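Visitor: Please take a close look at one part of this model, the largest pocket, and then place it in the rest of the chain.

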Amino acid sequence: RSGAPLFAATMAFLPMAGGLAGLAVTAVAMLAQAFRLAWRRSPASLPWALATPLAISPVLFPWYWMPLVPLVALAPSWTLLAAVSLAPASHEVLDAMNRGDGWRPAAWPLWVLGIGVLLGAIADARRIRQRPPPSSAP
């Protein structure tokens, strides 16, 4: 399993059944957010819908993020920008495996990607919270 920080973290801290249940809850929550945004006709619904299978996937190659790159312009988000910018760090070079040393992916790229996405989500939440409420004046 490589390149999937949420899957790796969930399976590291929870038993298999609990980890899969946690991923299922995450998927339902992300899709619910996508439907909520789609109901409001927000362009931000598309990144949420496309990112859901990527978030819960056990294997996530950097090029899987490519369909989300144009959506950064459509629905600007620090979370999405962090994910597509840091995803290339998760690509593992197979030179050790080709030499016969076996497949041992490094953990640091998952930490970099996970922390970057988490910081992006915090920045997005702060930006949304600081947005002034819509005025009801005519």
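**The lining of the largest pocket**

Guide: Sorted by class, the residues that line the largest pocket comprise 32 nonpolar, six polar and four charged ones. The model is predicted, and what follows should be read with that in mind.

The lining has 42 residues in total. Those nearest the centre of the pocket are Met30, Trp48, Thr79, Val117 and Ala121. Helix H1 (5-13), helix H2 (16-39), helix H3 (45-56), helix H5 (78-86) and helix H7 (108-130) are the elements that each give two or more residues to this lining. H7 supplies the largest share, with twelve residues. The space in the pocket comes to about 1300 Å³. As to how such space is found, rolling a probe the size of a water molecule over the atoms shows where empty space is left.

The chain around the pocket is helical in its assigned elements: the protein chain has seven helices and zero strands. Along the sequence this reads as α-α-α-α-α-α-α. Of the contacts in the protein chain with a separation of 6 or more, 56% are between residues 24 or more positions apart. The chain has 138 residues, and 29% of them are buried. Its exposed surface is about 9200 Å², of which carbon and sulfur atoms supply 71%.

Confidence varies along the chain. The mean pLDDT of the protein chain is 78, and 88% of the residues score at least 70. H5, one of the helices that contribute to the pocket lining, has the highest mean pLDDT among the elements, 89. The lowest mean, 64, belongs to helix H6 (residues 95-98).

H1 is another contributor to the lining. Its buried residues are Pro5, Phe7 and Thr10. These buried residues pack against H2, H3 and H7, and those three helices also give residues to the pocket lining.

Just outside H1 is Ala4, in the segment before that helix. Ala4 has a relative accessible area of 4% and is therefore buried, since the cut-off for buried is under 20%. Leaving aside residues up to four places away in sequence, Ala4 touches Ser57, Pro58, Val59, Leu60 and Leu110. Ala4 also lies 7.7 Å from Ile56, C-alpha to C-alpha, although the two are 52 residues apart in sequence.

Two prolines in loops can be set beside Ala4. Pro70 sits in the loop between H3 and helix H4 (71-74). With a relative accessible area of 54%, Pro70 is exposed, because the cut-off for exposed is over 50%. The C-alpha atom of Pro70 is 9.7 Å from that of Pro47, a residue 23 positions away along the chain.

Pro105 occupies the loop between H6 and H7. Its relative accessibility is 34%, so Pro105 counts as partly exposed. Between the C-alpha atoms of Pro105 and Ser90 the separation is 9.2 Å, with their positions 15 residues apart along the chain.

To return to the pocket: H7 gives the largest share of its lining, and the buried residues of H1 pack against H7 as well as H2 and H3.

Terms used:
Residues are numbered from 1 along each chain as its sequence is written. This is a predicted model: local features need pLDDT of at least 70, side-chain atom pairs count only at pLDDT 80 or more; totals for chains, interfaces and linings use all residues. Side-chain values use heavy atoms; hydrogens and water are left out. On a 1 Å grid over the protein atoms alone, a cavity is a set of points where a 1.4 Å probe fits but cannot get out, and a pocket is an open set with protein on both sides within 12 Å along at least five of seven lines; lining residues have an atom within 4 Å of a point. Grid points are joined across faces, edges and corners, and a volume is the space filled by probe spheres set on the points. Helices (H or I, at least four residues) and strands (E, at least two) are DSSP runs, numbered from the N terminus. Ala, Val, Leu, Ile, Met, Phe, Trp, Tyr, Cys and Pro count as nonpolar, Asp, Glu, Lys and Arg as charged, and the others, Gly among them, as polar. pLDDT is the predictor's confidence in each residue, from 0 to 100. Buried means under 20% relative accessible area, exposed over 50%, partly exposed in between (1.4 Å probe, protein chains only). Contact means heavy atoms within 4.5 Å. Accessible areas come from the Shrake-Rupley method with a 1.4 Å probe; for residues, only the protein chains shown count as cover.
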